[in-house]
Amino acid sequence: MNKSFYSLGLMSGTSADGVDSSIIESDGKDQIFIKYNNYDPYPSYLSDEIHKIKEKIENLDDLNKFSDEIESVEDKLTNFHATVANKWFEKVKVDIVGFHGQTIFHNSDEKISKQIGLGQKLSNLTKKIVVYDFRQNDLKNGGEGAPLAPIYHRLLVKMLTKKKKIEVPVTILNIGGIANITSINKNYEMNSMDIGPGNCLIDKWIRFNSGKNFDENGNTAKSGKIDKFILEQSLDNFYNSKTSKKKSLDTNDFDITFARGLSLQNGAATLTEFTADILSKKILDNDVYVCGGGRKNEFLVKSIKKKIKNKIKDIDYLGIDGSFIESQAFAYLAIRSYLKLPISFPETTGCKEPCTGGVIAKNF
């Protein structure tokens, strides 16, 4: 019988609003038991600092130019993750920590993916084995460094199929800052890619033009009117750009300048429709289960549904909390990395052959 591990996954997404944490029990292969999930919001100053540094980083030179600021934010971010982790360890015995860190720059063309987060320091502060920096090995092996959750998506699909809750083929649509899909066929073969902006444009518009951080339920967009001329021109520009051909994407691949001059409501409506149009073009004709923070934007999900005319349901419908799929995934990937099992594959990231990933830190 394979050894089972308790693993804590820590995930901070592109919204940079806080840390999702999940504890799972798994052998790193075909068994998974989801034990606990929790969300800890960042203090507003830390969230603001993360957004400010992300907005400054547009290329590799900027990573060097703003290195002092990056290191300052990185230290604060690591301390916050340690506080979150140590709260768990007062209640639950954990073997491994999967520490995703905070992505501040991703450029698949230049094979650069930068996640801030000090894995060795987190190990020092928690006295646990910490697996971090998950994307670099994939990049070295010809991959794009993203998406990494598909192997976990496949495990969930196998588990749910076994329980007769779903039938394959099926598609998992994850709407975070960037949206990605994992499609699983009848042989449980997976195919995955980033497919476009998720929350990033809508969140940025709301953040820059109101006192809020996101469009709750899509209510702002719902109360606005789509500017069809701006929308059609912007979509045309996108579909004729290099960005539309990319397999992995960064929030820097998109901007909100085309909506400049629109009211808060009309800008939100236009950006939501822009997002929905792009996502709808890449979703396969399977049953679709949506996870990630973007699934809570009812107006965005409804807009996608109208365009693809097939079933889209919250993954929560299957008894799984869709807010914590990514944190669970990195708990699972940490175990696989520790066991030197592959976490990325040619059909997910475009790497040359299946490869493991993640740096292991141990200081106790």
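Select P150, I151, Y152, H153, L155, L156, V157, M159, L160 and T161: these are the buried residues of helix α6. The model on screen is a predicted one.

**Helix α6 and its surroundings**

Now colour the whole of α6, residues 150-162. Of its 13 residues, 10 are buried, which leaves the helix mostly covered. From first C-alpha to last, α6 reaches 18 Å, close to the 18 Å expected at 1.5 Å a residue. To see what covers the helix, add β3 (32-41), β7, β8 (178-184), β9 and α12 (325-338); the buried residues of α6 pack against these elements.

**The two ends of α6**

Step back from the start of the helix to P147, in the loop between α5 (136-140) and α6. Show the backbone here: the peptide bond from A146 to P147 is cis, with omega near -10 degrees.

Then go to the other end. Just after α6 comes K164, with a positive phi of about 60 degrees. K164 sits in the loop between α6 and β7 (170-175). Is K164 buried or exposed? K164 counts as exposed because its relative accessibility is 74%, over the 50% cut-off.

Stay in this loop and select P169, which also lies between α6 and β7. V168 and P169 are joined by a cis peptide bond, with omega about 5 degrees. As background to these stops, most residues other than glycine have a negative phi, and most peptide bonds are trans.

**A further positive phi**

Next, select N217, in the loop between α7 (200-209) and α8 (219-222). Its phi is near 60 degrees, a positive value in a residue other than glycine. N217 counts as partly exposed because its relative accessibility is 31%, which falls between the 20% and 50% cut-offs.

**H100 in strand β4**

Move to strand β4, residues 96-107, and pick out H100. With a relative accessible area of 5%, H100 is buried, since the cut-off for burial is 20%. Which side chain makes a polar contact with that of H100? Show R135: the side chains of H100 and R135 are joined by a polar contact of 2.9 Å. To fill in the rest of the environment, display L10, M11, S12, Q115, F134 and F330, which are among the residues in contact with H100 once neighbours within four places in sequence are set aside.

**The loop between α9 and α10**

Now find the loop that holds L249, between α9 (228-239) and α10. L249 counts as buried because its relative accessibility is 8%. Leaving out residues up to four places away in sequence, L249 touches H106, I178, D194, I195, G196, T243 and F254. For a sense of distance, draw a line from L249 to C291: the two C-alpha atoms are 18 Å apart in space, and the residues are 42 apart in sequence.

D250 is in the loop between α9 and α10 as well. This residue is buried, at 6% relative accessible area. With neighbours within four places in sequence set aside, D250 is in contact with T103, F105, H106 and I178. H106 and I178 therefore appear in the contact lists of both L249 and D250. A second line, from D250 to G218, spans 22 Å between C-alpha atoms, for a separation of 32 residues in sequence.

**The cavity**

Keep L249 on display and turn to the enclosed space that it helps to line. How many cavities of 30 Å³ or more does the structure hold? There is 1, and the largest cavity has a volume of about 30 Å³. Select D194, I195, G196, F238, T243, S244, K246, L249 and K282 to show its lining. By class, this lining has 3 nonpolar, 3 polar and 3 charged residues. Strand β9 (residues 190-197) gives the largest share of the lining, 3 residues.

**Last stop: helix α10**

Follow the chain on to α10, residues 264-280. This helix has 17 residues and runs 24 Å from its first C-alpha to its last, close to the 24 Å expected at 1.5 Å a residue. Switch to a surface view to check its cover: α10 is mostly covered, with 14 of its 17 residues buried.

Note on methods
Residues numbered from 1 in each chain as written. Predicted model: local features only at pLDDT ≥ 70, side-chain atom pairs only at ≥ 80, totals over all residues. Heavy atoms only, no water. Helix = DSSP H or I, 4+ residues; strand = E, 2+ residues; numbered from the N terminus. Expected span 1.5 Å × (residues − 1). Buried < 20%, exposed > 50% of the residue type's maximum accessible area, 1.4 Å probe, protein only. 1 Å grid on protein atoms, 1.4 Å probe; cavity = no way out; pocket = protein on both sides within 12 Å on 5 of 7 lines; lining within 4 Å. Points joined across faces, edges and corners; volume = space filled by probe spheres on them. Nonpolar A, V, L, I, M, F, W, Y, C, P; charged D, E, K, R; others polar. Polar contact = N/O pair within 3.5 Å; in protein donor to acceptor, adjacent residues only side chain to side chain. Contact = heavy atoms within 4.5 Å.
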